[in-house]
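Colleague: Got a minute to go through this model with me? I'd like to talk about how its helices pack.

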Amino acid sequence: MSPPSLFFSDWSGRDNQKGTPVVVKMENQNYSLVQIDGPEVAVTLKSMDKGAKGKNAKQFTWVLLLRAHRAVGCVAWLASGFWGVLGAIKKRFAHSKACDESEKPGKRSLLYKFIKAFLAFALIFLAFEMFAHWKGWQLQQPELHLPENMANFHLPETEEIKGWLEKAYIFWLSVRVDYVAYPIQLLSNFCVILFLIQSVDRLILCLGCFWIKVRNLKPRIKEDVNGSGGDLESAGSGSYHPMVLVQIPMCNEKEVYEQSISTVCQLDWPKDRLLIQVLDDSDDEMIRNLISAEVDKWKEKGVNILYRHRLVRTGYKAGNLKSAMSCEYVKNYEFVAIFDADFQPNPDFLKQTVPHFRDNPELGLVQARWVFVNKEENLLTRLQNINLCFHFEVEQQVNGVFLNFFGFNGTAGVWRIKALEDSGGWLERTTVEDMDIAVRAHLQGWKFIYVDDVRALCELPESFETYRKQQHRWHSGPMQLFRLCLPAIVKSKISIWKKANLVFLFFLLRKLILPFYSFTLFCVILPLTMFIPEAELPLWVICYVPVTMSILNILPSPKSFPFVIPYLLFENTMSVTKFNAMISGLFQLGSSYEWVVTKKAGRSSSEPDLLSIGEHPKAELSRRVSDGGLLDLGNKWKEQPELTRRVSDGGFLDLDKLKEDKAKESKAKKRNKIYKNELALALLLLTAAVRSLLSAQGIHFYFLLFQGITFLVVGLDLIGEQVS
């Protein structure tokens with residue numbers, strides 16, 4: 001299929017085509033058929049009633065007019081929608097502020113400068129090529145007698161050259177053929193090879209997952225002395241109840257702290273063998289008071305829970321966990337379970353994970369799966385769900401079953417404390433402390449297992465701004481870690497094939513090569529080949545293989561199959577952020593050390609309840625605070641000032657201050673933002689799409705068109721949560 005021609009003479013085709021006959025059956029029985037034979041519009045009418053010819057001819061005319069009216073209405077509707085989109089874009093530009101999240105203000109990224117320069121050259125070359133096309137120097141089909149590198153275009157003859165512009169065009173063609181096309185083709189072939197290697201790796205992972213399903217190869221709890229076998233319930237309720245420490249690291253998590261603490265406090269485990277640490281790094285005093293009050297509430301219920309707050313937030317999450325593990329009482333515990341602030345494990349979580357450690361002294365980590373409460377909130381969360389379902393069900397499960405190693409996900413996992421200590425504990429050297437401790441534990445010989453049937457609820461980022469920051473941290477940190485761990489990997493005593501798996505598969509292929517070829521191939525080389533047609537990119541690289549890989553990614557979440565094309569386009573769009581993050585981590589740029597806490601929506605929060613108390617003090621004399629703590633307002637409203645104290649004094653909050661701060665926050669309107677990298681690439685790809693029309697490259701045109709539109713949508717922050 002090729003895009004529509006730019007020449008009106010090709011559309012009419014009166015001289016070289018007759019069209020296809022169209023047969024139309026009429027409902028009126030007086031006519032048997034109407035035959036419209038191409039451009040000549042030969043109409044033959046066979047009538048059973050000659051007296052009714054005029055009447056039925058008018059009916060036929062009205063049918064044609066009705067169809068024309070519908071066509072005009074459709075065009076008007078499309079025009080209205082187009083102007084509506086333009087109005088929305090104009091409004092977004094007027095009420096949004098441009099940002100580049102990965103770089104600080106005043107230090108624009110080199111990537112953005114490169115894209116701008118690329119776009120400027122693309123626009124110049126497009127204008128030049130369109131002028132040459134108008135002059136009749138359009139691209140032609142290859143001729144057999146021409147050299148291979150000159151078979152894709154028509155060089156003007158000497159007598160055709162009449163001015164300096166024509167001479168410049170001839171010079172450009174010569175430079176393009178002799179010097180530009182070859183290196184671009186080499187880079188293209190290199191990226192295609194990387195693409196195929198990564199695709200083979202993805203296919204092998206899928207086959208491994210299929211084999212696990214067929215053979216039912218999943219971790220099972222060893223039979224205990226009571227003969228409970230692999231039954232999780234009976235094994236968990238037996239006599240095996242080691243000392244377990246549960247840690248909940250958080251920082252300014254006012255939306256989700258309550259539900260997280262409440263869920264963890266309801267874990268089904270003997271209270272005398274369980275200790276919960278709430279590790280709060282919040283710098284907001286009011287949020288600290290809220291969290292401390294929640295902890296006090298559960299402590300009064302008999303839960304063994306402690307509240308810890310650091311005055312200086314050094315090392316981010318790694319520093320928080322390291323500080324908590326240094327407590328003297330930690331030596332009394334054998335295992336530690338970690339849950340981020342938005343995670344809600346099932347009550348039987350410990351009973352389904354801790355028994356795996358019994359009689360398995362080499363086991364260092366049991367990782368559970370994440371499931372998402374807001375996966376259908378918007379298009380962005382749906383696309384994230386596709387990625388993470390594949391990550392857990394395929395990548396983590398296959399690596400856990402066949403290699404006993406995978407990257408720790410940072411939460412919803414249980415560690416053997418001895419494994420943490422043997423590996424050097426939590427280190428503050430990167431922003432991916434979870435991957436860091438997993439690699440060091442693997443080098444020490446510890447084994448990991450992944451249990452796909454044990455799941456913990458959590459949230460997905462609902463705004464593109466939050467998701468973009470998260471992905472930047474997730475893709476810059478591994479490159480930091482690779483630089484730091486490479487000498488230790490080489491010197492370690494693990495087998496050669498395990499070293500090769502760590503270096504070539506775990507780090508290079510899945511953390512470096514994937515964002516590199518994805519950005520270079522689809523955002524740089526593909527637009528280039530439109531302006532350098534001698535450097536060709538095969539059709540199967542653009543269409544068939546990416547679609548096949550996208551379908552494989554969606555298999556773990558079959559309900560997302562209708563989103564296969566949006567998923568493919570969005571992943572290519574995210575390659576800009578991932579490539580930028582990978583480069584910043586690999587070369588130790590400033591943005592690779594930034595840690596931004598992922599914002600949560602918080603489907604249930606105690607803050608509205610607190611505000612309602614302040615607004616309606618006489619409605620109820622006592623109300624629940626955080627689903628359990630009671631704020632006794634007394635018999636008289638005049639006593640309230642004495643009861644609204646700091647947590648350290650009496651367990652109460654200053655509700656007036658909370659209400660005032662909440663009002664200020666509501667007045668500060670949030671805005672969707674504009675992302676310049678994505679917008680510049682959108683214009684570049686759309687420019688390349690226009691250039692592809694001159695070459696009549698059908699699939700290339702449609703891919704560039706829809707990919708450019710996707711970049712435009714993302715650049716204007718029209719995907720995800722809309723808060724303007």
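Colleague: How are α12 and α13 oriented to each other, roughly parallel or roughly antiparallel?

Modeller: Bear in mind that this is a predicted model. The axes of α12 (residues 433–443) and α13 (residues 464–491) come within 10 Å and cross at roughly 15°. Angles under 35 degrees count as roughly parallel. The two helices, α12 and α13, are therefore roughly parallel.

Colleague: And what is the hand of that α12 and α13 crossing?

Modeller: Going by the way one helix is turned from the other, the crossing of α12 and α13 is right-handed.  The residues that meet there are Met435, Asp436, Val439 and Leu443 from α12, and Pro478, Leu481, Cys485, Ala488 and Ile489 from α13. So for the hand, the word is right-handed.

Colleague: How many residues of the contact of α12 with α13 are charged?

Modeller: On the α12 side you have Met435, Asp436, Val439 and Leu443, and they meet Pro478, Leu481, Cys485, Ala488 and Ile489 in α13. Eight of the contact residues are nonpolar and none is polar, which leaves the charged count at one.

Colleague: Let's move on to α14 and α23. Which word describes how they lie, oblique or roughly parallel?

Modeller: The axes of α14 (residues 496–531) and α23 (residues 698–715) come within 12 Å, crossing at roughly 135°. Roughly antiparallel would take an angle over 145 degrees, and roughly perpendicular runs from 65 to 115. That crossing fits neither, so α14 and α23 are oblique.

Colleague: What classes of residue make up the contact of α14 with α23?

Modeller: From α14 come Phe522, Cys523, Leu526 and Met530, and they meet His700, Phe703, Leu704 and Phe711 of α23. By class, that contact has no charged residues, one polar and seven nonpolar.

Colleague: Is α8 mostly covered or mostly open, and how many of its residues are buried?

Modeller: Helix α8 spans residues 316–325 and is mostly covered. The buried ones are Lys317, Ala318, Gly319, Asn320, Leu321, Ser323, Ala324 and Met325. Out of ten residues in α8, the buried count is eight.

Colleague: Which helices are among the elements covering the buried residues of α8?

Modeller: The cover includes strands β5 (244–250), β6 (274–280), β7 (305–309) and β8 (335–338). On the helix side, it includes α11 (417–422) and α12.

Colleague: Last one: what share of the chain is buried?

Modeller: The chain has 23 helices and 15 strands. Its accessible surface comes to about 36,400 Å², with 59% belonging to carbon and sulfur atoms. Of the 724 residues, the buried share is 51%.

Terms used: Residues numbered from 1 in each chain as written. Predicted model: local features only at pLDDT ≥ 70, side-chain atom pairs only at ≥ 80, totals over all residues. Heavy atoms only, no water. Axes fitted to C-alpha atoms, helices over the stretch in contact; angles between N-to-C directions. Helix = DSSP H or I, 4+ residues; strand = E, 2+ residues; numbered from the N terminus. Contact = heavy atoms within 4.5 Å. Nonpolar A, V, L, I, M, F, W, Y, C, P; charged D, E, K, R; others polar. Buried < 20%, exposed > 50% of the residue type's maximum accessible area, 1.4 Å probe, protein only. Areas by Shrake-Rupley, 256 points an atom, 1.4 Å probe, with all protein chains shown as cover.
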